[in-house]
Amino acid sequence: MKISKQQEAWIDQVSNENPEALQIDGHDNAIIGISRKSGEPALLAYSEKRIIMNLVTFDGMSLEEAREFYEFNIAGAYMGPGTPVIVGD
């Protein structure tokens, strides 16, 4: 899957600002920006819709399967303070 130059720039910027920031494997094309909260390090922000559509398109899941997988394995996964932000859109 291809990502834009802007998405590459966001990944680079966040990794420079916050080495603890994590990415969601296989979903770089769902990055929609950088999340910043006062007093906390920068994190990558992802689109919920794009993640679900990636699961349908690239993993061959039905929409129902993708939503269930997303809720349990991605949205419900806390991996510490570097966990990315997911924006419901």
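Two strands count as paired if DSSP finds at least two bridges between them; strands (E, at least two residues) and helices (H or I, at least four) are DSSP runs numbered from the N terminus. The model is predicted, so local features need pLDDT of at least 70 and side-chain atom pairs count only at pLDDT 80 or more, while totals for chains, interfaces and linings use all residues. Residues are numbered from 1 along each chain as its sequence is written, and side-chain values use heavy atoms, with hydrogens and water left out.

Select β1 (31-35) and β2 (residues 43-47). They pair in the antiparallel sense over four bridges, with Ser-35 opposite Leu-43 of β2.

Add β3 (85-87) to see the open sheet, ordered β1-β2-β3 with mixed pairing. β1 and β3 are its edge strands, each pairing on one side only. From one strand to the next, the twist averages 30°; axes are lines fitted to C-alpha atoms, for helices over the stretch in contact, and angles run from 0 to 180 degrees between N-to-C directions.

Next, show helix α1 (residues 5-17). α1 packs on the sheet and touches β1 and β2, its direction making about 30° with that of β1; contact means heavy atoms within 4.5 Å. Then select helix α2 (residues 48-59), which lies across β1, β2 and β3 at about 65° to β2.

Finish at Leu-44. Beyond its neighbours within four places in sequence, Leu-44 is in contact with residues including Trp-10, Val-14, Ile-31 and Val-85.
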